[in-house]
Amino acid sequence: MSRVVVFDEFGGPEVLRVVEQEPAEPAIGEVRVRMEAFAVNPLDLMMRSGASPAPVPLPHSRLGVEGTGVIDALGPQATGWRVGEPVLLAAVADASAQGSYAEYVTVPAGRVVRRPAGFGVAEAAAVWVAFSTAYGALVEKARMRPGDHVLVTAASGAVGRVALQIARRIGAVPLAVTRHAARKHELLAAGAAAVVATDQEDIAEAVAHHSGGTGADLVLDLVGGPGLNEVAAAARPGATLVVAGFLDPRPTPLPAGPSLTTHGYRSFEHTLDPVVVQRMAFLDAGVRLGALRPAVDDVAFSLDTVVEAHRRLESGLHGGRKVVATLS
Ligand SMILES: NC(=O)c1ccc[n+]([C@@H]2O[C@H](COP(=O)([O-])OP(=O)(O)OC[C@H]3O[C@@H](n4cnc5c(N)ncnc54)[C@H](OP(=O)(O)O)[C@@H]3O)[C@@H](O)[C@H]2O)c1
């Protein structure tokens, strides 16, 4: 049997419960993964509370888009994998049916990638969604180049921190935005070349200062909402803006101001792209060199404490570090 987190109605963390069910046998082209850890993402909170942009079928919806484990069984034609191989779940697209909050998850083989050597289980569970979102948005979509001044909002969050590390690896100049000046030292230590604290500074003025007067060449916005205009005002004319997050639930207006090339980015739409091979090479090298490392929250959770894990993320007490649950 597999212990699985489900919910039957939308609501607060308390709607989550653990049930036992038969693990699905892998069908053609599928693999079954015995999970070792999963991470909690803002999208999970949106799905659970009924705020997800995609419909969530109730009752008995599962949850969780990422995690790590070992291959436990192979379906016919699931070539290239062997039982016992450690893998990451690469953004489970149908989380309500095959979510990662479970002891066993059965997914198409294309939805797993090799687990990079050099990570503990908690870091491995926390890396893929943040890494693939930041890499996909900055490198694949916006073609970030060495020397670019790259402005990253919600930089203390999971995606933001990895974005700072990727920009550094490529030789760009990452400028981090936080709402709290108290986070400045932490973000400089996390790889930011400079930090803009919106409780003390105007974003456009600060970015002009840090970019020699020109403004940002590239903006990765993970917040959305009306504040996007203020963020976009820090970009130079002709810059690229990628909107990839929605931490502010209010509507996001199209930014006024200088001519910007604007993209939306959703990593789920790109998980099966052939470029995933390039992503893996970048990730492997970054992990090997110690340049890419997700920040994991210091409070550990399990399947039985998943309600507390959701409360932790919702309260903001995780400080932008990834909330992870491990399975024994
Ligand atoms: N497009 C995609 O494919 C994709 C993939 C993954 C995630 N996302 C989205 O990207 C966003 C960030 O995800 P994450 O996992 O990095 O989140 P996270 O780890 O929870 O990070 C949140 C950080 O953002 C800042 N923040 C929180 N609420 C904010 C608000 N209302 N206004 C401004 N800043 C706020 C906080 O930093 P300070 O307190 O320091 O300001 C916080 O530390 C989420 O909306 C998530 O759903 C999108």
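What follows covers the surroundings of the ligand and one parallel sheet in a predicted model.

The ligand comes first. It sits among 26 surrounding residues, and A154, G157, T178, G245 and G320 are the closest of these. Sorted by class, this shell splits into 12 nonpolar, 10 polar and four charged residues. Both domain 1 (2-115 + 297-326) and domain 2 (130-268) have a hand in it, each putting in at least three residues. As for helices, at least two shell residues come from each of α1 (42-49), α3 (121-141) and α4 (158-170). Of the contributors, α4 gives the most, with three residues around the ligand.

Now for the sheet. Six strands make up an open sheet, lined up as β10-β9-β8-β11-β12-β13 and paired in parallel. The edges are taken by β10 (194-197) and β13 (261-264); each has a single partner strand, so one side of each has no neighbour in the sheet. On average, and ignoring direction, neighbouring strands here are turned by 20° against each other. Strands of a sheet, in general, pair through backbone hydrogen bonds, in either a parallel or an antiparallel way.

The pairing at the β13 edge can be followed down to residues. Strand β12 (residues 235-243) runs parallel to β13, and four bridges join the two. Within this stretch, L241 stands opposite T262 of β13. The edge strand β13 thus has β12 beside it in the strand order.

Note on methods. Residues numbered from 1 in each chain as written. Predicted model: local features only at pLDDT ≥ 70, side-chain atom pairs only at ≥ 80, totals over all residues. Near = placed C-beta within 6 Å. Nonpolar A, V, L, I, M, F, W, Y, C, P; charged D, E, K, R; others polar. Domains from an automatic or database assignment. Pairing = 2+ DSSP bridges. Axes fitted to C-alpha atoms, helices over the stretch in contact; angles between N-to-C directions.
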